[in-house]
Amino acid sequence: MSVLVARAQAGDAEAFGEVYDCYVDQVFRFIYRRVLDRQVAEDLTSETFLRALRNLAAFRRPGGDFAGWITTIARNLTINHLQSHQRRECPVAEVHELVSTGDVAGPEAAAVDRLTREALVAGIAKLSPVQRQCITLRYLRELSIEETAQALGKTPAAIKAVQHKALRALRGLLPATVVMPA
């Protein structure tokens, strides 16, 4: 891979195309897991490779860890996107689409799943805006503490405190029969 990257740095467009082919799926999956929107993930993936191409001469990682470099670009773009879109409250409808309590089989399990989902959505809607954003980013978009802190403009310690309070409040808001998904 380092040979391909070196060729791309030397201006070989075909080599950059091969690098793109090697990493595009990995970058797309990384972004999609965080934004949960195919169009946004495609746009951010394109922007990731455009920035990589523009800054290819600056790539000088020890050991040639191109995957780490491109993932860092994708991560930063994703966080910037989430910051600009999470400043507003997360609509309850969006939370409802994101909450999944797992695969269900049969009508009884489907009914339990629906009731659990409705209880979770109702509980999340009652949280404060910061708590709702924290829970959405941490558990529904699966961001790390650090990524969530960066997206919300807070410290990791503050995010841990908000998350703890939000989970405690959510447990208090849910009926005893509802088990929060892991």
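This is a short tour of the structure, one selection at a time. The model is predicted.

**The whole chain.** Start with everything shown as a cartoon. The protein has nine helices and zero strands. Read along the sequence, the pattern is α-α-α-α-α-α-α-α-α. Of the 182 residues, 41% count as buried.

**Helix H1.** Select residues 2-9, which form helix H1. Show the side chains of Leu4, Val5 and Ala8. Are they buried or exposed? Leu4, Val5 and Ala8 are buried. They cover an arc of only 100° around the axis, so they lie on the same side of H1. The general rule helps here. An α-helix has 3.6 residues a turn, so residues three or four places apart point the same way.

**Just past H1.** Step on to Gly11, just after H1. Gly11 takes a positive phi of about 105°.

**Helix H2.** Now select residues 13-35, helix H2. Pick Gly17, which sits in H2. Gly17 counts as partly exposed, because its relative accessibility is 29% and the partly exposed class runs between 20% and 50%. Next, draw a distance from Gly17 back to Leu4. These two residues are 13 apart along the chain. Their C-alpha atoms are separated by 9.5 Å.

**A charged patch.** Stay in H2 and pick Glu18. Glu18 is partly exposed, with a relative accessible area of 32%. Which residues gather with Glu18 in a patch on the surface? Add Glu14, Asp21 and Asp25 to the selection. Together with Glu18, they make a patch of negative charge on the surface.

Notes:
Residues are numbered from 1 along each chain as its sequence is written. This is a predicted model: local features need pLDDT of at least 70, side-chain atom pairs count only at pLDDT 80 or more; totals for chains, interfaces and linings use all residues. Side-chain values use heavy atoms; hydrogens and water are left out. Patches are made of residues with over 30% relative accessible area and no salt bridge: like charges are joined within 9 Å, nonpolar side chains (Val, Leu, Ile, Met, Phe, Trp, Tyr) within 5 Å. Accessible areas come from the Shrake-Rupley method with a 1.4 Å probe; for residues, only the protein chains shown count as cover. A salt bridge is a side-chain nitrogen of Lys or Arg within 4 Å of a carboxyl oxygen of Asp or Glu. Lys and Arg count as positive and Asp and Glu as negative; His and the chain ends are not counted. The place of a charge is taken as NZ of Lys, CZ of Arg, CG of Asp or CD of Glu. Helices (H or I, at least four residues) and strands (E, at least two) are DSSP runs, numbered from the N terminus. Buried means under 20% relative accessible area, exposed over 50%, partly exposed in between (1.4 Å probe, protein chains only). The arc is that of the directions from the helix axis to the C-beta atoms.
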